[in-house]
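Please open the model in your viewer and keep the sequence panel beside it, since this tour moves from one selection to the next.

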Amino acid sequence: MHAAVGDRILVHGRTVGAAEQSGEIVEVRGENGGPPYLVRFADGHEGLIFPGSDCEVTHERQQNNA
């Protein structure tokens, strides 16, 4: 997985009934756009995440073209 500052991340709920979380990548700490990522979530909290198979990254340039 590769990302850049400003990209959006969506974390799908892991269990039935668990809500999805979305946020903006504010810092990329891995090499060449790799994880971990510091993410500011929609509710305002920030967290360092290593995204797994339950995550999707939407690149900023994809959003601007939509």
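Begin by selecting His59 and showing the residues around it: apart from its neighbours within four places in sequence, His59 is in contact with His2, Ala3 and Asp7. Bear in mind throughout that this is a predicted model. In the cartoon, His59 is found in the loop between S5 and helix H1, which spans 60-65. If you also pick Asp43, you will find that His59 and Asp43 are 16 residues apart in sequence and 21 Å apart in space, taken from C-alpha to C-alpha.

Next, show the side chains of His59 and Asp7, which are joined by a polar contact of 2.9 Å. Asp7 is found in the segment before S1. Is Asp7 buried or exposed? With a relative accessible area of 4%, Asp7 counts as buried, because buried here means under 20%. Not counting residues up to four places away in sequence, Asp7 touches Gly23, Glu24 and Ile25, and also Val57, Thr58, His59 and Glu60.

Now switch to the cartoon and select the strands. In what order do the five strands lie in the sheet? They form an open sheet in the order S4-S3-S2-S1-S5, with antiparallel pairing. The edge strands are S4 (46-49) and S5, each of which pairs on one side only, and the twist averages 35° from one strand to the next. For a view of one pairing, select S1 together with S2 (residues 21-28), where four bridges link the two strands in the antiparallel sense. Within this pair, Ile9 stands opposite Gly23 in S2.

From the sheet, go on to the largest nonpolar core, for which you should select ten positions: Ala3, Ile9, Val11, Ile25, Tyr37, Val39, Phe41, Ile49, Cys55 and Val57. Colouring these by strand shows that S1 (8-11), S3 (37-41) and S5 (55-58) each supply at least two residues of the core, and that S3 gives the most, with three residues. In soluble globular proteins, nonpolar side chains tend to be buried together.

Finish on Tyr37, one of the residues of this core, and display what surrounds it. Leaving aside neighbours within four places in sequence, Tyr37 is in contact with Met1, His2 and Ala3, with Ile25, Glu27 and Val28, and with Gly47, Leu48, Ile49 and Pro51. His2 and Ala3, met at the start as contacts of His59, therefore make a convenient pair to keep selected while you move between the two sites.

Key
Residues are numbered from 1 along each chain as its sequence is written. This is a predicted model: local features need pLDDT of at least 70, side-chain atom pairs count only at pLDDT 80 or more; totals for chains, interfaces and linings use all residues. Side-chain values use heavy atoms; hydrogens and water are left out. A nonpolar core is a set of buried Ala, Val, Leu, Ile, Met, Phe, Trp, Tyr and Cys residues joined through side-chain atoms within 4.5 Å. Buried means under 20% relative accessible area, exposed over 50%, partly exposed in between (1.4 Å probe, protein chains only). Contact means heavy atoms within 4.5 Å. A polar contact is a pair of N or O atoms within 3.5 Å; within protein, one must be able to donate a hydrogen and the other to accept it, and residues adjacent in sequence count only if both atoms are side-chain atoms. Two strands pair if DSSP finds at least two bridges between them. Axes are lines fitted to C-alpha atoms, for helices over the stretch in contact, and angles run from 0 to 180 degrees between N-to-C directions.
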